[in-house]
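Let's take a walk through this structure together, stopping at a handful of places along the chain. Keep the viewer open as you read.

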Amino acid sequence: MRVLITGAAGQLAQALLSIVEVAANARLNTCSSSQRLLLDMLPEITECIAVDDSVKGFVKEQLDICCSESIQNAFDEFAPDVVINCAAYNAVDNAELEPVKAIAINEQGPKLLALACKARNLKLVHISTDFVFDGALSTAYTEQDLASPLSVYGQSKLNGERAIAEILGSDAMIIRTSWLYSCWGTNFVTTMQRLLATKERLAVIDDQTGSPTWCEALAVVIFKLIKQKSESEGSAASKMPATARRNDVASHLPNSAELYHYAAAESCTWFELTKQIKRQMYVIDSDNCASFTCELEPITSETWQSWHQARLATRPVQSALCAVKVNSQLMVSEHSMLAAPWQQQLQAMLQYQASLS
Ligand SMILES: NC(=O)C1=CN([C@@H]2O[C@H](COP(=O)(O)OP(=O)(O)OC[C@H]3O[C@@H](n4cnc5c(N)ncnc54)[C@H](OP(=O)(O)O)[C@@H]3O)[C@@H](O)[C@H]2O)C=CC1
Ligand SMILES: Cc1cn([C@H]2C[C@H](O)[C@@H](COP(=O)(O)OP(=O)(O)O[C@H]3O[C@@H](C)C(=O)[C@@H](O)[C@H]3O)O2)c(=O)[nH]c1=O
């Protein structure tokens, strides 16, 4: 299978490409020590990427999802069977200030990609977000729950989902995830690591709850879903997992596009996540972290907003995602890192990051 990844400079794309490399090295027995550590944490890596899979990432300059010609050229060059769209406009606050740009990348770009996939009969895997929800639900959101975004970012992502589902139906797979972090690029965890090392005091929002999710775990889930879909389409329809055939009616996605929620288990606030980052940093590298004196202060979103001149985007107060559907469809063991609570995934990422340095 030939898999093309858009937005290849981004953190999720980097995680997808890195596990492809680990799978290849594992077969050749040439893994580095950090790659072996990753394999210990995520042994599914070797089984979800086949020996004859060819995976290539395209950065924005090589494939601009907002430009049909650029998409066609990349498709001509690589001739993919499956496209994973990791390209996005993710600056949630800035999206309020430049909605046209956010809509172009999160809605119109995915639509162009879907049209190009339709013309060539390709599958499209698209990544979406917990911010399609308004946070009114007190429990983790399932695929059946009604989306009702509060921000330009959330609305543009929901519109992108709908455009893809409309065009591709069952050839589209939409995976919503949340609070992503990795050791690739800038994200909340790497930002907090930097601030914890340099600040005396750090005020962090304690009234927004979500499910922090490690990109490497999501990357494995994405490849497992692609493999399962390809195998089920090669066999009789009766052998397909029931959940893969069922449309999520209440999700209001048109046609029969497959919709999944994937996040680490359990949830926390940004403040609780920061406390855990600080604790884990000490556990992993006590010598280096002993000099950190940063104190953490829990604050409300209202206080955070009052410190900023510009109007910030409204976030859901509670946007944990329920991964039961995808974990059961993929028969994920309860002991797997894929089904682990966020604290365990965070610890794994920090250990992996330390092994790389
Ligand atoms: N980050 C998070 O916490 C979460 C992310 N998601 C979703 O997961 C997916 C992956 O996110 P993540 O890896 O964190 O994102 P990143 O911001 O790390 O990566 C996105 C990439 O897309 C590129 N890009 C922007 N515009 C275009 C374009 N027109 N054509 C091609 N590439 C483009 C960006 O390039 P450049 O930087 O040069 O503009 C960047 O390299 C996205 O769909 C996102 O919405 C979902 C939940 C949480
Ligand atoms: C740097 C910093 C941030 N914060 C707050 C601001 C913000 O509400 C929250 C998280 O910061 P982030 O910049 O990671 O923001 P945010 O844009 O809210 O994160 C979201 O991104 C998009 C792309 C998604 O899809 C979501 O799942 C989610 O990950 O932490 C503090 O409270 N203190 C701080 O020192």
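Is E266 buried, exposed or partly exposed? With 14 other C-beta atoms within 10 Å, E266 is partly exposed, because a residue counts as buried only from 20 such atoms upwards and as exposed at 12 or fewer. You will find E266 in the loop between β10 (258–261) and β11 (268–269). Have a look at its backbone too: phi of E266 is near 65°, a positive value in a residue that is not glycine. Bear in mind throughout that this is a predicted model.

Two other places also have a positive phi. M331 has a phi near 50°, again a positive value in a residue other than glycine. It belongs to the loop between α14 (324–329) and α15 (342–356), and M331 counts as exposed because it has 10 C-beta neighbours inside 10 Å. The other place is A79, which comes just after α4 and takes a positive phi of about 50°.

That brings us to helix α4 itself, residues 68–78. Which of its residues are buried? They are I71, A74 and F75. These residues span an arc of only 100° around the axis, so they sit on the same side of α4. The general rule behind such a pattern is that an α-helix has 3.6 residues a turn, so residues three or four places apart point the same way. Turn to the other side of α4 and you meet E69 and D76, which are exposed. The cover over the buried residues of α4 includes β1 (2–6), β2 (54–58) and α6.

Carry on past A79 and you reach P80, in the loop between α4 and β3 (82–85). P80 counts as buried because it has 23 C-beta neighbours inside 10 Å. Setting aside the residues within four places in sequence, P80 is in contact with R2, V3, L4, F75 and L122. F75 is familiar by now as one of the buried residues of α4. For a sense of distance, pick D207: the C-alpha atoms of P80 and D207 are separated by 43 Å, and the two residues are 127 apart along the chain.

Compare that with a loop at the other end of β1. G10 lies between β1 and α1, and G10 is buried, since 24 other C-beta atoms lie within 10 Å. Which residues does G10 touch, leaving aside those within four places in sequence? The contacts are C86 and G185. The C-alpha atoms of G10 and A87 are separated by 7.5 Å, although their positions lie 77 residues apart in the numbering.

G10 and A87 meet again at ligand 1, where both are among the closest residues, together with G7, L12 and A88. In total 25 residues surround this ligand. Elements that each supply at least two residues of this shell are α1 (11–28), α6 (99–120) and β4 (123–129). By class, the shell around ligand 1 has 12 nonpolar, 10 polar and three charged residues.

Now move to ligand 2, which is surrounded by 16 residues, the closest being N90, V92, T129, F188 and I205. Two elements give two or more residues to this shell, α8 (188–198) and β7 (201–205). Which of the elements gives the most? It is β7, with four residues. The shell around ligand 2 divides into 10 nonpolar, four polar and two charged residues.

Stay with α8 and follow it to its partner, helix α11 (residues 270–284). The axes of the two helices come within 10 Å and cross at roughly 65°, and the crossing is right-handed. On the α8 side the contact is made by V189, M192, Q193 and L196, and on the α11 side by T274, I277, K278 and M281. Five of the residues in the contact of α8 with α11 are nonpolar, two are polar and one is charged.

Our last stop is Q309, in the loop between α13 (301–306) and α14. Q309 is exposed, because only 5 other C-beta atoms lie within 10 Å. From Q309 to G210 the C-alpha distance is 26 Å, with the two residues 99 apart in sequence.

Note on methods:
Residues numbered from 1 in each chain as written. Chains lettered and ligands numbered in written order. Predicted model: local features only at pLDDT ≥ 70, side-chain atom pairs only at ≥ 80, totals over all residues. Near = placed C-beta within 6 Å. Nonpolar A, V, L, I, M, F, W, Y, C, P; charged D, E, K, R; others polar. Axes fitted to C-alpha atoms, helices over the stretch in contact; angles between N-to-C directions. Left-handed = near helix turned anticlockwise from the far one by under 90°. Contact = placed C-beta atoms within 7 Å. Arc of directions from axis to C-beta.
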